Amino acid sequence: MKIETYTFTYIDEFGDTNTANCRPNEYHSLMELLFDKYLQEWGDCKGRAWCGTCHIQIMEGHSNTKILEDEGHTLSKLSGSNACSRLACQIPVNAELHQMAFRIISDNDYGSK
Ligand code: FES
């Protein structure tokens with residue numbers, strides 16, 4: 001039996017491009033996947049869309065998951081946020097991740113610019 005795997009690309013906080021793999025519904029969200037497999041320091045609010053530490057900007061691909069009120073409110077408070085911004089904790093691990101490319105926006109992008 002063929003095991004489905006999604007592959008996506010992300011640019012980390014150091015500007016390096018990385019490729020990652022996952023299986024359908026392997027994690028509750030993209031934030032949990034990256035926290036567990038690849039990153040250390042994010043997800044401060046444990047996926048409640050409150051802290052903004054899991055800010056990403058999608059460069060290729062698209063998530064059809066709607067931006068709900070909490071996510072929209074948090075994104076509006078992040079100075080580096082733009083029309084491509086999402087919170088990774090609100091993105092499910094599904095086929096939309098396959099061949100997606102996104103950039104992780106680090107803490108250095110927050111604050112008063
Ligand atoms: S983990 Fe806090 S906003 Fe996503």
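Two helices and five strands make up the secondary structure of the chain in this predicted model. Read from the N terminus, the elements follow the order β-β-α-β-α-β-β. The two helices are thus each preceded and followed by strands in that order.

Turning to overall dimensions, the C-alpha atoms fit a box of roughly 50 × 30 × 25 Å along the principal axes. The radius of gyration of the chain is 13 Å, which agrees with the value near 13 Å for a compact globule of 113 residues. Buried residues account for 27% of the 113 residues. Of the contacts between residues at least 6 apart in sequence, 66% join residues at least 24 apart.

The loop between α1 (30–37) and β3 (55–60) deserves a closer look, as it holds Lys46 and also Ala49. Both residues have positive phi values without being glycine: near 60 degrees for Lys46 and near 70 degrees for Ala49. Their surroundings can be set side by side. Lys46 has 11 other C-beta atoms within 10 Å and is therefore exposed, whereas Ala49, with 20 C-beta neighbours inside 10 Å, counts as buried. For Ala49, the count of 20 meets the cut-off for burial, set at 20 or more.

A further residue of interest is Ser76, which belongs to helix α2, spanning residues 69–77. Ser76 is exposed because just 9 other C-beta atoms lie within 10 Å, and a residue counts as exposed at 12 or fewer. The C-alpha atom of Ser76 is separated by 9.9 Å from that of Gly52, a residue 24 positions away along the chain.

Conventions: Residues numbered from 1 in each chain as written. Predicted model: local features only at pLDDT ≥ 70, side-chain atom pairs only at ≥ 80, totals over all residues. Helix = DSSP H or I, 4+ residues; strand = E, 2+ residues; numbered from the N terminus. Rg over C-alpha atoms; globule rule 2.2 N^0.38 Å. Contact = placed C-beta atoms within 7 Å.
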